[in-house]
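Here is a short report on cysteines, an annotated stretch and some backbone details. Look at the model first, then read on.

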Amino acid sequence: SLSSRASSRAKAVSQSSGCYDSDSAEPCPTDDTTDGHPYPTRDGGRGSGLRRQAIQNWHRRPYRNSTEGEEGDVSDVGSRTTESEAEGWEPEAPGSAASRPTGSCRLTARTEGAGGKVGRLERGSPGHSSEVISPEILKMRAALFCIFTYLDTKTLLRAAEVCKDWKFVARHPAVWTRVLLENARVSSKFLAMLSQWCTQMHSLTLQNLKPRQRGKKESKEDYMKSTRGCLEAGLESLLKATGSNLLILRISHCPNVLTDRSLWLASCYCRALQAVTYRSSTDPVGHEVIWALGAGCRDIISLQVAPLHPCQQPTRFSNRCLQMIGRCWPHLRALGVGGAGCGVQGLASLARNCMRLQVLELDHVAEINQEVAAEVCREGLKGLEMLVLTSTPVTPKALLHFNSVCRNLKSIVVQVGIVDYFKEPHSPEAKKMFEEMVNKLQALRKRPGFSKILHIKVEGGC
């Protein structure tokens with residue numbers, strides 16, 4: 001019938017935003033599986049899109065502060081939509097779009113006799129009143145659903161101010177499946193406000209967020225104390241609202257305002273997480289939080305938890321953290337770790353437990369020589385396909401050993417700088433020795449098989 005056809009078409013439109021991952025154009029699994037779960041098995045087709053994304057797009061991860069967009073206060077995007085509501089948000093009337101429960105509205109069309117068509121918006125239970133709308137408005141809203149799924153967070157907030165129909169679509173949970181907040185000042189109340197529409201969110205990225213500005217008469221100590229973890233209450237509202245729908249969580253370059261407690265909150269509310277990124281220079285993750293995350297989220301296959309450099313607690317991420325990661329997630333496919341506390345003992349334990357590891361990044365780890373490479377490869381890494389060494393000194397013999405043992409290696413990325421080798425990088429002797437080291441690494445590209453897989457990036461001094 002026409003009614004059922006329009007309903008199925010609108011349902012497909014409302015789910016269209018969940019068909020593509022934010023970082024890849026490859027289709028990801030949707031809810032239309034046989035048992036109703038998007039990832040029915042651990043070792044089967046579950047998470048295949050994420051595994052391909054981890055291998056192909058690992059180098060596109062945001063290590064530095066993102067340059068997309070300008071820094072600003074997201075709460076200033078439309079006083080009617082964000083700032084005034086963030087200060088004191090009150091739900092709309094029972095019949096409004098924002099206060100409607102998730103999945104309680106659907107677009108349908110029915111035929112009245114031999115005359116024309118009448119579009120009707122059904123809300124909630126059959127006992128609620130119905131608003132009669134024209135077929136043109138119905139088609140426009142359906143088209144807006146298709147368009148708004150591609151809009152970013154800031155644009156969606158502005159779109160809600162245009163008119164009533166735009167507001168209805170812009171605040172529907174079906175268009176809030178991917179949330180990206182970066183390079184902005186936000187408040188905890190603002191995040192709590194977003195949680196009303198993020199009940200179907202599957203990807204959340206918080207990057208380079210800053211707190212309120214420091215007062216003129218406020219000391220630096222008081223400012224740091226008052227803003228420490230100031231966004232965690234709003235983040236908890238977001239995580240609680242999305243629950244098991246959230247599959248991807250990225251928190252990076254948010255010093256002081258978000259601590260490692262964020263991962264503990266994720267372990268409480270988002271048990272279906274599959275990809276987690278947490279990078280901080282003030283509060284690197286410790287083994288206690290890793291244990292909590294591993295106890296609550298057993299399905300993680302991609303994990304990036306290397307501390308940012310320079311780190312205020314460089315030894316907090318230690319061998320104990322590496323051992324805990326191996327015990328909690330033996331099915332990991334992609335992993336990024338690092339810090340001064342990582343040693344050969346922890347790396348060997350990690351390689352022994354994570355036998356399915358395909359992507360491994362070591363960030364600001366002590367020098368990797370042939371002995372370390374032999375010890376780590378003896379325990380595992382047989383299926384490794386990509387090795388990334390960021391600001392980690394490595395010898396040519398170590399790279400030769402990795403290439404000979406890891407038969408599936410398709411890419412080795414070495415990113416080093418003179419400061420990674422010498423404490424006085426500006427001295428003439430340091431520059432000369434560093435140039436010789438780089439030449440030895442570059443000479444490996446002349447060996448058979450190395451020219452296509454070895455990529456060396458030098459930062460300064462050469």
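Cys 146 is partly exposed, at 37% relative accessibility. The cut-offs are these: buried means under 20% relative accessible area, exposed over 50%, and partly exposed in between, with a 1.4 Å probe and protein chains only. Cys 270 is buried, with a relative accessible area of 0%. Its closest cysteine sulfur is in Cys 297, 7.0 Å away, so it is too far for a bond. The structure holds zero disulfides, a disulfide being a pair of cysteine sulfur atoms within 2.5 Å.

This is a predicted model: local features need pLDDT of at least 70, side-chain atom pairs count only at pLDDT 80 or more, and totals for chains, interfaces and linings use all residues. Residues are numbered from 1 along each chain as its sequence is written, and side-chain values use heavy atoms, leaving out hydrogens and water.

An unreviewed UniProt entry annotates residues 144-181 as "domain: F-box". UniProt positions follow the numbering used here, feature names are shortened, and annotations may be inferred rather than shown by experiment. Over residues 144-181 the chain is 50% helix and 11% strand. The end C-alpha atoms of that stretch are 22 Å apart. Helices (H or I, at least four residues) and strands (E, at least two) are DSSP runs, numbered from the N terminus.

Now the backbone. Two residues other than glycine have a positive phi.

| Residue | Phi | Place | Relative accessibility |
|---|---|---|---|
| Asn 208 | about 55° | strand β6 (203-210) | 10%, buried |
| His 253 | near 55° | loop between β7 (248-252) and α10 (261-269) | 11%, buried |

A cis peptide bond joins His 309 and Pro 310, with omega about 0°. Pro 310 lies in the loop between β9 (302-304) and α12 (319-328).
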